[in-house]
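User: I would like to go through this model with you. Could you take me from the overall fold to the individual contacts?

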Amino acid sequence: MKREEKRKIIDEIEEKLKKISEQSVFFVDFKSIKANDITNLRKDFKLSGIYYRVVKNDLLRIACKELSVDVPQNIFIGNVALVVSSMDPTELAKKFVEAKDADEKPFFEMKGGFVDGKYLTGPELVELSKLPPKPVIIGKLLYLMNSPIQRLVTVLSKPERDLVTVLNQIKDKKESIAA
């Protein structure tokens with residue numbers, strides 16, 4: 001690979017790494033993925049707005065060094081692909097952790113990554129993938145916040161409902177006597 005080509009790739013990697021504070025950036029190891037599988041996954045990634053690129057360790061190391069991005073050295077060992085996306089980090093992690101072949105063998109191993117500018121290790125990213133998506137968590141939180149108010153309204157309105165029920169029974173009884 002010529003020096004100009006390497007510089008172009010480093011510039012591309014740096015452009016993606018500059019978005020660490022805005023987007024999720026993962027480093028994944030891709031093991032034994034068949035050509036057909038990775039082709040289909042790349043199409044899916046592209047449709048989902050996920051940047052996925054296999055990078056050479058040396059080029060990634062140079063890009064990280066030039067941007068002063070502190071990345072543990074284990075990231076640069078073995079195969080590495082750079083994943084960048086603005087989607088919910090939980091869903092992004094889930095997408096890579098749950099990607100498996102027909103024999104249920106995982107395609108990717110999470111090496112580490114940045115979520116909201118904070119570095120998370122591979123096992124932490126796997127744990128992140130087990131969380132429900134952000135909208136579900138917000139929905140549950142709103143339900144929990146609203147629940148005590150609903151219960152209070154129910155308790156306060158119960159005597160009124162009981163009074164209306166008693167009055168209706170008295171009315172029905174008087175109507176049945178008059179008839």
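Analyst: The overall fold comes first, followed by the sheet, the aromatic residues and a helix.
Analyst: This is a predicted model, in which local features need pLDDT of at least 70 and side-chain atom pairs count only at pLDDT 80 or more, while totals for chains, interfaces and linings use all residues. Residues are numbered from 1 along each chain as its sequence is written, and side-chain values use heavy atoms, with hydrogens and water left out.

User: How many helices and strands are there in the protein chain?
Analyst: The protein chain has six helices and five strands. Helices (H or I, at least four residues) and strands (E, at least two) are DSSP runs, numbered from the N terminus. Along the sequence the pattern is α-β-α-β-α-β-α-β-β-α-α.

User: What radius of gyration does the protein chain have?
Analyst: The protein chain has 28 Å, whereas a compact globule of 179 residues would have a value near 16 Å. The radius is taken over C-alpha atoms, and the globule rule is 2.2 Å times the number of residues to the power 0.38. Along the principal axes, the C-alpha atoms fill a box of roughly 105 × 40 × 25 Å. Of the 179 residues, 33% count as buried, that is, under 20% relative accessible area, with exposed being over 50% and partly exposed in between (1.4 Å probe, protein chains only).

User: Now the sheet. In what order do the strands come?
Analyst: The order in this open, antiparallel sheet of five strands is S2-S3-S1-S4-S5. Two strands pair if DSSP finds at least two bridges between them. S2 and S5 (118–121) each have a single partner strand and stand at the edges, so one side of each lacks a neighbour in the sheet.

User: And what does S2 pair with?
Analyst: S2 pairs with S3 (residues 81–85) in the antiparallel sense, over four bridges. Within this pairing, Tyr52 stands opposite Val83 in S3.

User: Tyr52 is aromatic. How many aromatic pairs does the structure hold?
Analyst: The structure holds nine. Rings of Phe, Tyr and Trp (its six-membered ring) pair if their centres lie within 6.5 Å; planes under 30 degrees apart count as stacked, over 60 as edge-to-face and the rest as tilted. The ring centres of Tyr52 and Phe96 are 6.4 Å apart and the planes are at 20°, so this pair is stacked. Because Tyr52 lies in strand S2 (residues 51–54) and Phe96 in helix H4 (residues 89–97), the pair ties together parts 44 residues apart in sequence.

User: What about Tyr52 and Phe108?
Analyst: Tyr52 and Phe108 form an edge-to-face pair, with 6.0 Å centre to centre and 70° between the planes. Phe108 belongs to strand S4 (residues 108–115) and Tyr52 to S2, so here the linked parts are 56 residues apart in sequence. Tyr52 is buried, at a relative accessible area of 9%, and Phe108 is buried at 8%. Phe45, Tyr52, Phe96, Phe107 and Phe108 form one aromatic cluster.

User: Changing topic: where is Ile10 found, and is it buried or exposed?
Analyst: Ile10 is found in helix H1 (residues 3–17). Ile10 is buried, with a relative accessible area of 5%.

User: Which residues is Ile10 in contact with?
Analyst: Leaving aside neighbours within four places in sequence, Ile10 is in contact with Leu59, Ile62, Ala63 and Glu66; contact means heavy atoms within 4.5 Å. Glu14, likewise in helix H1, touches Arg7, Ala63, Glu66 and Leu67, not counting residues up to four places away in sequence. Glu14 is buried, with a relative accessible area of 10%.
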